[in-house]
Amino acid sequence: MPRTAPKLGGGKVKLDAAAFEATFNMPLVHESVRAELNARRRGTASTLTRGQVRGGGAKPWRQKGTGRARAGSSRSPIWKGGGTVFGPSPRGYTFKVNRKARRAALRCALSIHAERESMAVFEAGAFATPSTKQAAALLADWGARVPTLVLLTEAEAGAGKSFRNLARVSVLPVEDAGVADVVGAASLLISEAALAEITARAAGSSESGEEDGREPVRSSDAGGEASTSERGAGSPAEETS
């Protein structure tokens with residue numbers, strides 16, 4: 001029997017089996033989540049070694065006859081104001097995860113929400129103007145557990161303003177949502193248009209971004225622009241009453 005998700009306001013939405021009926025693969029999901037979280041690290045931590053600290057060129061005191069331990073530089077790591085031994089330096093934390101593996105991990109994350117009945121679909125058009133009260137009532141009627149992730153398309157950004165002030169509720173454009181975001185949410189609320197996009201992306205049927213091989217993360221440690229992958233739109237999910 002195909003899985004369904006409740007549509008807030010009445011009815012149910014049939015979920016695509018290709019994207020929402022995958023067997024959960026923990027090692028694959030772990031690898032994808034680690035890659036996404038690593039890619040969000042800036043990697044700018046930096047320390048100076050004894051050779052990089054300014055000063056310390058003169059020998060503090062003569063080698064023998066003072067009764068003190070010999071010292072060659074006041075910038076030694078054991079001195080105050082000296083260099084750091086094995087400290088961090090700017091580096092990149094990213095590592096590559098194959099496109100098929102990322103899609104499979106996303107299918108696992110979506111499938112676990114569908115299996116646990118912790119996802120729902122709503123009509124973003126119902127929020128003609130931003131209303132936090134209306135959004136809070138919608139989540140309360142559904143009984144959403146926190147943290148809650150709300151996925152919307154770029155055209156539905158206005159509806160996202162209704163949810164962004166709620167405690168422990170995150171709002172993301174669907175094309176920026178990664179496996180870490182989906183897995184980390186206790187409840188998943190998706191607009192009808194966003195459901196079609198994430199279904200196409202998880203099933204691998206999206207057209208744009210198919211060959212770019214970019215990681216589905218929102219930032220990189222190299223300080224570059226936000227990057228997303230596998231964007232696209234699929235057919236709207238079927239709605240059943």
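How much area does the protein chain expose, and what share of it do carbon and sulfur atoms supply? The exposed area is about 13400 Å², and carbon and sulfur atoms supply 50% of it. This is a predicted model. The protein chain holds 7 helices and 7 strands, and 4 strands form an open, parallel sheet.

**Chain overview**
- Along the sequence, the elements follow the pattern β-β-α-α-α-β-α-β-α-β-α-β-α-β.
- The protein chain has 241 residues, and buried residues make up 39% of them.
- Take the contacts in the protein chain with a separation of 6 or more: 71% of them come from residues 24 or more positions apart.

**The open sheet**
- The strand order is 3-6-4-5, with parallel pairing.
- Strand 3 (119-122) and strand 5 (169-173) stand at the edges.
- Each of these edge strands has a single partner strand, so one side of each is left without a neighbour in the sheet.
- From one strand to the next, the twist averages 20°.

**Strand 3 with strand 6**
- Strand 6 covers residues 187-191 and pairs with strand 3 in the parallel sense.
- The pairing of strand 3 and strand 6 runs over 4 bridges.
- Met119 has Leu188 in strand 6 as its bridge partner.

**Helix 7 on the sheet**
- Helix 7 spans residues 192-203.
- Helix 7 lies across strand 3, strand 4 (148-152) and strand 6.
- Relative to strand 6, helix 7 runs at about 105°.

Note on methods: Residues are numbered from 1 along each chain as its sequence is written. This is a predicted model: local features need pLDDT of at least 70, side-chain atom pairs count only at pLDDT 80 or more; totals for chains, interfaces and linings use all residues. Side-chain values use heavy atoms; hydrogens and water are left out. Two strands pair if DSSP finds at least two bridges between them. Helices (H or I, at least four residues) and strands (E, at least two) are DSSP runs, numbered from the N terminus. Axes are lines fitted to C-alpha atoms, for helices over the stretch in contact, and angles run from 0 to 180 degrees between N-to-C directions. Contact means heavy atoms within 4.5 Å. Buried means under 20% relative accessible area, exposed over 50%, partly exposed in between (1.4 Å probe, protein chains only). Accessible areas come from the Shrake-Rupley method with a 1.4 Å probe; for residues, only the protein chains shown count as cover.
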